[in-house]
Amino acid sequence: MSVPGFHRPKSVEDAARLLAETDGARCLSGGATLVAMMNASLAEPKAIVSLAGIPELAGIAELANGGFRIGAMTRHAATAGDARLAGTLAVLRDAARQIANPVVRNMGTIGGSIGFADPAADYPPALVAANAEVEIANAAGRRRVAARDFFVDWYTTACGPGEFVTGVYLPPPRPGAGLYKKLARVSGDFAIASVALSAAKDANGVSIRIAVGGCGPRPIRADAADALLSAKFGDAAAAAAAGEALAAAADPVDDVRASAEYRRLVIPRLVAETVAHARAALEAR
Amino acid sequence: MSATAKAVGAALPRAEVREKVEGRAQYIADLYRPGMLHGAVLGSPHAHARIKRYDTSEALAVPGVHAVLTGDDFGDHRMGAFVKDEHAIAKGKVRYVGEPVAAVAAETEAAAKLAARLVSVEYEELPAILSPEAALAPDAAIIHEDVASYFKVFDTGSTANVCSRTSLTEGDAAAWDRCDVIVEGRFATQPQAHVSLEPCGALAEPDATGRVTLWSANQSVFRVQANVSESLGLPMAQLRCLTPRVGAGFGNKMEPHIQPIAVKLALATGRPVKLILTREEDFEIVRARHPFKLRVRTGALKDGTLVAREVEVLLDGGAYADDSPGVLGYSLFMSPGPYRFRYMKASGTLVYTNKLRFGAFRGFGNPQVSFAGEQQIDEIAARLGLDPLAVREKSMLRPGDKWFGGAEVGSNGLEECIARVKAASGWAKRAELEPSAPGRKRAMAAACTAHISGLLATGAIVRMLEDGSIVLNTGAVDIGQGSDTALTQICAEALKVPIERVRLASPDTDGSPYNWGTTASRVTYTTGRAVVAAALEVEKQIKQHASEMLECDAADLELRPGGRVGIVGVPDKAVSFFEVSARAHWARGGPIIGHNSLVFEKPSVDPKRAIAVGLPFPQIGAFAFGALVVDIEIDETTGKIEVKRAWSAADVGRAINPLAVEGQLEGAFVQGMGLALNEEMVWDGPRLANPTLMDYKVPTTLDSPHEIHSIIVEAPEPDGPFGAKGVGEIGINVVPAAIANAAAIALGKRFNALPLTPERVLRAMLGK
Ligand SMILES: Cc1cc2nc3c(=O)[nH]c(=O)nc-3n(C[C@H](O)[C@H](O)[C@H](O)COP(=O)(O)OP(=O)(O)OC[C@H]3O[C@@H](n4cnc5c(N)ncnc54)[C@H](O)[C@@H]3O)c2cc1C
């Protein structure tokens with residue numbers, strides 16, 4: 001393995017310029033995925049642009065509106081350990097906590113995870129359920145894309161050539177619950193299927209966002225499911241119907257983790273269980 | 001330990017554990033030699049094809065490349081433990097995807113890998129045979145056209161794609177007529193990968209005379225020597241085989257991997273060559289656990305007494321015979337389990353297919369037959385409304401009973417194994433267990449097993465150095481299980497010296513006595529016997545010297561703790577080993593050396609009791625016994641099984657090192673859990689779909705139960721070293737069966753295929 005060009009820019013603008021100008025360049029964040037792929041000859045970038053030297057990509061900052069910005073270089077362990085991500089935002093912490101194992105959680109970053117966009121990864125459905133936005137930079141500037149639109153296809157995001165993720169914006173946390181339920185073959189594996197749910201509760205009632213991971217090219221969501229659950233959160237039949245709606249929206253494939261058919265079978269069951277746990281969490285508040 | 005403490009029975013950490021924990025242990029990939037080149041192989045893209053021609057010119061043009069070898073550079077020499085059907089590298093044909101077809105030695109690993117990819121091979125594709133059923137079809141393509149002419153070590157009955165067949169029958173089939181209940185079923189088990197932490201590799205260094213020193217990841221330096229010699233047509237004496245630390249072997253490193261190719265590259269270049277497989281190559285080209293198809297029928301009386309069993313198996317052996325004929329024979333031999341049957345018949349067929357070799361893997365066919373047999377005992381118990389362990393107790397082999405076929409069973413601690421797991425697990429109250437949370441089902445179930453430890457030849461040399469310290473040399477490779485420590489303990493105990501006074505020489509085919517290998521749960525038992533006998537030789541010589549020094553009869557002498565020899569009943573009349581050894585070295589008799597070698601000689605089968613056809617091992621080993629209870633929970637949402645607790649009892653004869661015994665039982669349990677619950681090598685057409693640790697998953701610490709209770713039972717083996725027999729494999733045998741039995745109790749459904757994935761379990765629960 002040899003890489004002709006290794007760059008360590010100090011600003012987002014420099015990084016964007018390098019990525020745009022350098023043919024075959026890829027950005028490097030935690031390296032948990034990219035370096036493993038290079039070792040296995042699955043990726044042979046002509047140049048590497050390390051994001052490690054850009055101060056503004058590090059850490060989780062509270063915003064004026066009460067929301068948060070998670071810098072692209074924030075490690076999974078830091079996200080999992082940040083108690084400010086409470087209420088509806090707890091879904092993200094719960095997902096981060098279940099990624100891989102401690103080694104990978106200390107190494108991998110949120111920018112690398114969602115930039116790579118493995119559909120079985122844990123952040124994508126959690127960010128959809130948290131109603132997050134993804135900030136993308138290019139040589140011309142920056143833009144924000146809703147998480148539900150950011151994930152486009154298998155390993156494909158809204159980032160175009162020369163673009164990269166600089167951060168994730170979370171809305172202010174609302175009182176309620178956020179849960180992430182992951183089914184994997186063994187501890188530390190990617191999900192066979194997962195369910196991310198945020199439940200906001202106030203005087204007007206309950207508002208639910210739910211998304212399914214590992215069951216298609218991108219996180220699976222359904223307006224009908226959110227609406228059904230928001231309208232009748234206590235209702236088992238509504239939960240079952242929401243589960244069916246999500247299973248119908250899913251587009252799973254057979255892989256070494258499980259068959260597509262099993263995933264269709266298990267989605268409504270995982271949804272029902274996650275909803276039941278969320279209700280219990282709301283009642284316990 | 002103090003001079004008086006007993007070495008045997010001491011729970012000592014392994015001698016080399018500190019080196020491993022500190023990261024200083026040297027494995028094959030850590031070794032370097034001056035002027036060393038790096039090797040790489042090119043794997044076949046086809047499962048079955050004729051090789052038409054090679055073009056190596058592009059590969060040879062890569063800067064730094066010293067040699068590019070293909071099948072044309074290798075003579076027509078074949079190796080194989082039972083059937084000599086395998087060249088060192090593909091020659092004439094390729095028989096599975098990934099099979100090495102060309103090999104390169106170059107200055108750097110990168111150049112070697114690049115050049116290997118640039119070797120172009122022209123193939124004529126042949127139909128790929130990807131299942132044993134396809135192999136047996138009347139018009140099937142033939143994988144080994146010359147199978148009839150291959151050299152075989154026993155009567156295999158090879159024909160067309162059948163590699164071998166074996167049957168063993170004892171008793172009168174009329175026993176079926178007496179049965180009140182008969183259960184019958186078909187079962188299937190999956191291929192499992194060994195996943196030793198260390199992938200396979202080798203380093204070969206030639207000297208000016210053409211003699212080669214070969215280090216490699218292996219379970220037997222002597223099998224390495226034999227296989228390289230056979231497959232390259234070299235005299236064994238031209239090879240010296242050594243071993244660095246081995247990062248585990250579960251059968252995968254017993255027979256050859258790429259050692260012959262590394263040697264050939266070294267001879268071709270005249271330079272040391274190191275060839276280390278990537279994880280992916282290790283998955284694709286080494287070997288794996290056999291998938292079994294089984295048809296099993298078991299019959300019993302109303303009171304639960306077992307009466308008759310018939311077992312028929314079909315084994316996929318992959319592209320080369322390797323250890324498969326042994327696995328077939330052994331699985332049939334073990335298929336009754338540790339029970340008395342009036343009639344028992346076991347027969348099976350092993351076929352070639354276009355997959356990688358299936359071969360030795362901890363349990364050696366026993367987990368597969370146990371998965372079927374031990375479930376049928378539970379089925380019988382359920383039909384009759386009896387306690388499944390009571391059914392087992394009623395028909396279990398008792399001390400003095402012979403094994404299926406008539407082999408002598410020296411010691412038998414099965415009854416105690418069952419009693420201990422029952423007591424420890426709270427078996428009597430198993431119906432009262434509550435699930436840990438709503439939405440979960442919980443059940444406890446059991447299974448029993450036996451296993452051999454033994455087989456073939458072994459030796460030991462015990463040398464006393466000038467200062468009275470001891471060097472033990474056995475040629476047995478410690479693959480991480482702790483045999484170096486156990487053999488040291490045995491030697492120290494036999495000579496009554498502190499364990500620090502005994503050191504173990506590293507295996508070396510030049511200097512060590514022959515040892516067939518670290519396999520078949522055999523090292524502690526067989527090599528331990530040789531160590532005890534060799535130490536006895538040393539004791540005799542010590543006493544001879546001492547009798548002359550103390551002017552007494554040798555018969556009046558005793559060894560005393562701490563390395564002394566003295567007159568019985570006269571405490572102050574003694575000399576030290578130092579004094580004895582100094583005398584031997586400088587004055588009288590010459591250095592003290594004791595040695596012993598033996599081969600396991602007791603017959604597997606008594607021809608007066610049983611009819612055997614094609615049995616691959618006429619003499620097999622001593623019998624160990626075991627019982628297992630598991631407590632599992634099933635998540636009703638997903639179908640995922642979690643093992644909450646396990647109690648694994650094994651009759652090991654004598655625990656030379658209880659800590660190491662527990663390590664083996666725990667490790668075997670977790671590896672068995674992988675087999676039971678999720679591990680499976682999956683093929684996408686002819687190509688392995690999951691040859692990486694991302695896609696192939698073994699259970700982690702977090703998937704293992706917090707409670708794995710290892711229960712040591714000691715029924716001393718009459719000829720074992722201090723009564724010991726083996727424990728390396730027995731703990732894995734019935735893990736899948738016990739978990740399947742528990743799942744059947746929890747769900748009211750039987751599982752006849754492995755692994756019990758969430759998918760398989762949920763579908764069974766929902767009837768889908
Ligand atoms: C053993 C193992 C187990 C794992 N298990 C899980 C799991 O259970 N769940 C889970 O969700 N993930 C899992 N992962 C993935 C892990 O979370 C990775 O850390 C993550 O996918 C990549 O993050 P990284 O920072 O290491 O990215 P890198 O390896 O540095 O980069 C990965 C890819 O993303 C690109 N990239 C990097 N940064 C950006 C950016 N800012 N914008 C756009 N593209 C970018 C790179 O060019 C590269 O193509 C696992 C990884 C490993 C090695």
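Select Cys163(B). This residue is buried, at a relative accessible area of 1%. Buried means under 20% relative accessible area, exposed means over 50%, and partly exposed lies in between, judged with a 1.4 Å probe and protein chains only. Now pick Cys179(B), which counts as buried at 13% relative accessibility.

Before going on, note that this is a predicted model, in which local features need pLDDT of at least 70, side-chain atom pairs count only at pLDDT 80 or more, and totals for chains, interfaces and linings use all residues. Residues are numbered from 1 along each chain as its sequence is written, chains are lettered from A and ligands numbered from 1 in the order in which they are written, and side-chain values use heavy atoms, with hydrogens and water left out.

How many disulfides does a search of the whole structure find? The count is 0 over all chains. A disulfide is taken here as a pair of cysteine sulfur atoms within 2.5 Å.

**Stop 1: Val351(B)**

From Cys163(B), move to Val351(B), one of its contacts. Val351(B) sits in strand S17 (residues 343-351) of chain B. Helices (H or I, at least four residues) and strands (E, at least two) are DSSP runs, numbered from the N terminus. Val351(B) is buried, at 0% relative accessibility. Show what it touches, leaving out residues up to four places away in sequence: the list includes Pro132(B), Ala135(B), Leu136(B), Asn161(B), Val162(B) and Cys163(B). The run from Leu314(B) through Leu315(B), Asp316(B) and Gly317(B) to Gly318(B) also touches Val351(B). Contact means heavy atoms within 4.5 Å.

Next, draw a distance from Val351(B) to Ile470(B). The two are 119 residues apart in sequence and 49 Å apart in space, C-alpha to C-alpha.

**Stop 2: a covered helix**

Select helix H8 (residues 324-334) of chain B. How many of its residues are buried? The number is 11 of 11, and the helix is mostly covered. Among the buried residues of H8(B) are Pro325(B), Val327(B), Leu328(B), Tyr330(B), Phe333(B) and Met334(B).

**Stop 3: Gln664(B)**

Go to helix H15 (residues 658-677) of chain B and find Gln664(B). Is Gln664(B) buried or exposed? It is buried, with a relative accessible area of 14%. Beyond residues up to four places away in sequence, Gln664(B) touches Arg362(B), Gln481(B), Val727(B) and Gly728(B).

**Stop 4: Ser44(B)**

Ser44(B) is in the loop between strand S1 (37-43) and strand S2 (49-55) of chain B. It is buried, at 2% relative accessibility. Turn on side chains: a polar atom of the Ser44(B) side chain is 2.7 Å from the backbone oxygen of His46(B). Leaving aside neighbours within four places in sequence, the contacts of Ser44(B) include Val94(B), Tyr96(B), Glu99(B) and Tyr123(B).

**Stop 5: backbone oddities**

Most residues other than glycine have a negative phi, and most peptide bonds are trans. Three places depart from that.

- Tyr155(A) has a positive phi of about 50°. Look for it in the loop between strand S8 (151-153) and strand S9 (156-157) of chain A. It is partly exposed, at 45% relative accessibility.
- Ala248(B) has a positive phi near 80°. Its loop runs between strand S12 (239-242) and helix H6 (259-269) of chain B. Ala248(B) is buried, at 18% relative accessibility.
- The peptide bond from Leu754(B) to Pro755(B) is cis, with omega near -10°. Pro755(B) is in the loop between helix H16 (735-747) and helix H17 (758-766) of chain B.

**Stop 6: the ligand**

Finally, select the ligand. It is surrounded by 30 residues, the closest being Cys27(A), Ser29(A), Leu34(A), Thr109(A) and Asp122(A). A residue is near a molecule if one of its heavy atoms lies within 4 Å of it. Why is the site shared between chains? Because residues from chains A and B surround the ligand.

Now zoom in on ligand oxygen atoms. One is 2.7 Å from a polar backbone atom of Gly30(A). For Gly31(A), the distance from a polar backbone atom to a ligand oxygen is 2.8 Å. For Leu34(A), a backbone N or O atom is 2.6 Å from a ligand oxygen. The protein covers 92% of the 960 Å² of accessible area that the ligand has on its own, by the Shrake-Rupley method with a 1.4 Å probe.

Color chain A by element. Strand S2 (25-28), helix H6 (110-116) and strand S10 (164-170) each give two or more residues to the shell. H6(A) gives the most, with 5 residues.

Technical notes:
A polar contact is a pair of N or O atoms within 3.5 Å; within protein, one must be able to donate a hydrogen and the other to accept it, and residues adjacent in sequence count only if both atoms are side-chain atoms.
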